[in-house]
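Got the viewer open? Load the model, switch to a cartoon, and keep the selection box handy.

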Amino acid sequence: MVGIAMPAPDRGVLARRDEIVAALKAIVPGEGVIDALTEMRPYETDALTAYRQMPLVVVLPETVDQVSRILRYCYENEVKVVPRGAGTSLSGGALPLADGVLMSMMKFNRILDIDFPNRAVIAQPGVTNLGITRAVEHEGFYYAPDPSSQIACSIGGNIAENSGGVHCLKYGLTTNNVLGLEMVLITGEVIRLGGKHMEAEGYDLLALMTGSEGLLGVVTEVTVRILQKPETARAALVGFPTSEDGGRCVADIIAAGIIPGGMEMMDGPAIQAAEDYVNAGYPRDAEALLIVELDGPEAEVDFLLARVEEIARANRAGYLRVSTSEEERLVFWAGRKSAFPAVGRISPDYLCMDGTIPRRELPRVLAGMRELSVKHGLRCANVFHAGDGNLHPLILYDANKPGELEAAEAFGADILRLCVAVGGVLTGEHGVGIEKRDLMPEMFSEDDLKQQQRVKCAFDDKHLLNPGKVFPVLHRCADLGMMHVHKGQLAFPDIPRF
Ligand SMILES: Cc1cc2nc3c(=O)[nH]c(=O)nc-3n(C[C@H](O)[C@H](O)[C@H](O)COP(=O)(O)OP(=O)(O)OC[C@H]3O[C@@H](n4cnc5c(N)ncnc54)[C@H](O)[C@@H]3O)c2cc1C
């Protein structure tokens, strides 16, 4: 693997492979354990395909009891575990470890309960994101967070990554739409957090788990909020002569108090690639394209669309077209939703970055990225959730050309540093994984990172769940003061211990 160091495989565990495989087969009978090299090949990477690693063994449990017994076995025998959903992570979160069990949750694929009066769905973690909407749309409901990968990605993976999508500007990310979880800890204990009710007492562990990237436990059940479809949704395509004009327009729309259902932006190279791919009718002469969707009652949508048009014209928009039918609205979105595969057609490889910035900094960051493109000698196409300030620069490279992957990684790191420098953050929705792990100190102090690891230690004191991801340096839990014993004396001896 280029650039990213992973923890060295434990030779003792590698030597015990046959014994570990036999133990897993005793827990999950039939075809639930995959140990043949050729059959494990599909699991060697996720959607960050530049990095590959064969796992020690793959296990596909079907029941919570099996998950619990596998994790307890791994805990007692000090074997690492990498949880996996559909493997669409763009940050390498599901990258296997040579000495780790890869636990695929894709056999947990059932919807358990649809509760329209409480507007909630309970699903197993392997159900796809779109599968939830499909299960409730006949009654006019849907699940709002809509990653572009929604046809494939699992709701468990969405929880682990706190995934977003084009409609999250108005309706929130996964964390704002998850109501409850069942999780199995590395010790095999099963915990339940939240539920169909609104608030739970105590610490907000539900929020902690959302975005925990498979480092704190394995999600075995998810309760999510569903929403009623808005009465009307119409989208406007707005073309600008420069990205800076588009960026200013985004900031002005939000500053005017308008929260569109979605507000996405694409730059020149992305417009051309998407148009070649799906023929969505995008203006090829525009340097930036905004898709602004307004939803709600018809009169409100008409009013707000007129306001958006005014703001767009004031920001030098040269092209403006509003969808006149549901079919046309979906065509407008088709180009944006297939922007990644579209870009895949114009370059042998690409790295999809994910940084978030304050909206007002869009023009400055777009200009900065153009300079970085020249500095690193690589092209970049930009697709982003503009309303959220969440950028997805796609860095185009050819892995077969020596040095290009390294240049792409350096370019990507510079983009993320720029995001942090203007007051933004390293990730918006794709997670840290291995991709942004070594950049964490750009954003967090040593003390910040240590405190985050103390939380990790509270759930996984042996660092067996997905190690090598998220944290650039692993500290032993004892070194972090977890259970500090001074001269044989426990701190706070008066506190009852269990
Ligand atoms: C073409 C494309 C478009 C995309 N568009 C978007 C987008 O618009 N928005 C967005 O947010 N993301 C997007 N993604 C990224 C990706 O789809 C999301 O991160 C998604 O949530 C990953 O889900 P998954 O089931 O594939 O998880 P995986 O890739 O299998 O795993 C991701 C992480 O979750 C952990 N995990 C998985 N299941 C569990 C579980 N049951 N319990 C505990 N941990 C678990 C894994 O350990 C890993 O750390 C896109 C990806 C692709 C390839």
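Start with a definition for the stops ahead: a residue is buried if 20 or more other C-beta atoms lie within 10 Å of its own, exposed if 12 or fewer, and partly exposed in between, with C-beta atoms placed from the backbone. What you have on screen is a predicted model, where local features need pLDDT of at least 70 and side-chain atom pairs count only at pLDDT 80 or more, while totals for chains, interfaces and linings use all residues. For your selections, residues are numbered from 1 along each chain as its sequence is written.

**Stop 1: the whole protein**

Select everything. The C-alpha atoms fill a box of roughly 70 × 55 × 50 Å along the principal axes. The radius of gyration, taken over C-alpha atoms, can be set against a globule rule of 2.2 Å times the number of residues to the power 0.38. For 498 residues that rule puts a compact globule near 23 Å, and the protein agrees, with 23 Å. Of the 498 residues, 48% are buried.

Switch to secondary structure colouring and you should find 17 helices and 21 strands. Helices (H or I, at least four residues) and strands (E, at least two) are DSSP runs, numbered from the N terminus. Two residues are in contact if their C-beta atoms, placed from the backbone, lie within 7 Å. Among contacts with a separation of 6 or more, 73% join residues 24 or more positions apart.

**Stop 2: colour by domain**

Make four selections: domain 1 (11-104), domain 2 (111-228), domain 3 (232-340) and domain 4 (446-490). These bounds come from an automatic or database domain assignment.

Now keep domain 1 and domain 4, whose C-alpha centres lie 24 Å apart. Their contact takes ten residues from domain 1 and seven from domain 4. On the domain 1 side, helix 4 (64-76) and strand 3 are the elements that give two or more residues. Strand 3 has the largest share there, four residues. By type, that side of domain 1 divides into seven nonpolar, one polar and two charged residues. In this scheme Ala, Val, Leu, Ile, Met, Phe, Trp, Tyr, Cys and Pro count as nonpolar, Asp, Glu, Lys and Arg as charged, and the others, Gly among them, as polar.

**Stop 3: the ligand**

Which residues come closest to the ligand? Pick Gly85, Gly93, Gly156, Gly157 and Gly214, the closest of the 36 residues that surround it. Strand 3 (80-84), helix 6 (155-161) and strand 10 (218-225) each give two or more residues to this shell. Helix 6 supplies the largest share, five residues. Colour the shell by type and you get 14 nonpolar, 17 polar and five charged residues. Both domain 1 and domain 2 contribute at least three residues each.

**Stop 4: helix 5**

Select 129-136, then highlight Asn129, Ile132 and Val136, the buried residues of helix 5. Look down the helix axis: these buried residues fall within an arc of 65°, so they line one face of the helix. The arc is that of the directions from the helix axis to the C-beta atoms. The cover over these buried residues includes strand 5, strand 6, strand 7 (141-142), helix 6 and strand 10.

**Stop 5: two positive phi angles**

Go to Arg119, in the loop between strand 5 (111-115) and strand 6 (120-123). Arg119 is not a glycine, yet has a positive phi of about 50°. Is Arg119 buried or partly exposed? Arg119 has 15 other C-beta atoms within 10 Å, so it is partly exposed.

Next, jump to Asn162, in the loop between helix 6 and helix 7 (168-171). Asn162 also has a positive phi of about 50° without being a glycine. Asn162 counts as buried because it has 23 C-beta neighbours inside 10 Å.

**Stop 6: two more loop residues**

Select Arg379, in the loop between helix 14 (362-376) and strand 18 (380-385). With 16 C-beta neighbours inside 10 Å, Arg379 counts as partly exposed. Leaving out residues up to four places away in sequence, Arg379 touches Pro269, Ser373 and Leu396. For a long ruler, go from Arg379 to Val184: 195 residues apart in sequence and 44 Å from C-alpha to C-alpha.

Finish on Lys436, in the loop between helix 15 (404-421) and helix 16 (440-443). Lys436 counts as buried, with 25 C-beta neighbours inside 10 Å. Setting aside neighbours within four places in sequence, Lys436 is in contact with Ser91, Leu416, Leu426 and Thr427. One last distance: the C-alpha atoms of Lys436 and Pro472 are separated by 9.0 Å, with their positions 36 residues apart along the chain.

Conventions. Near = placed C-beta within 6 Å.
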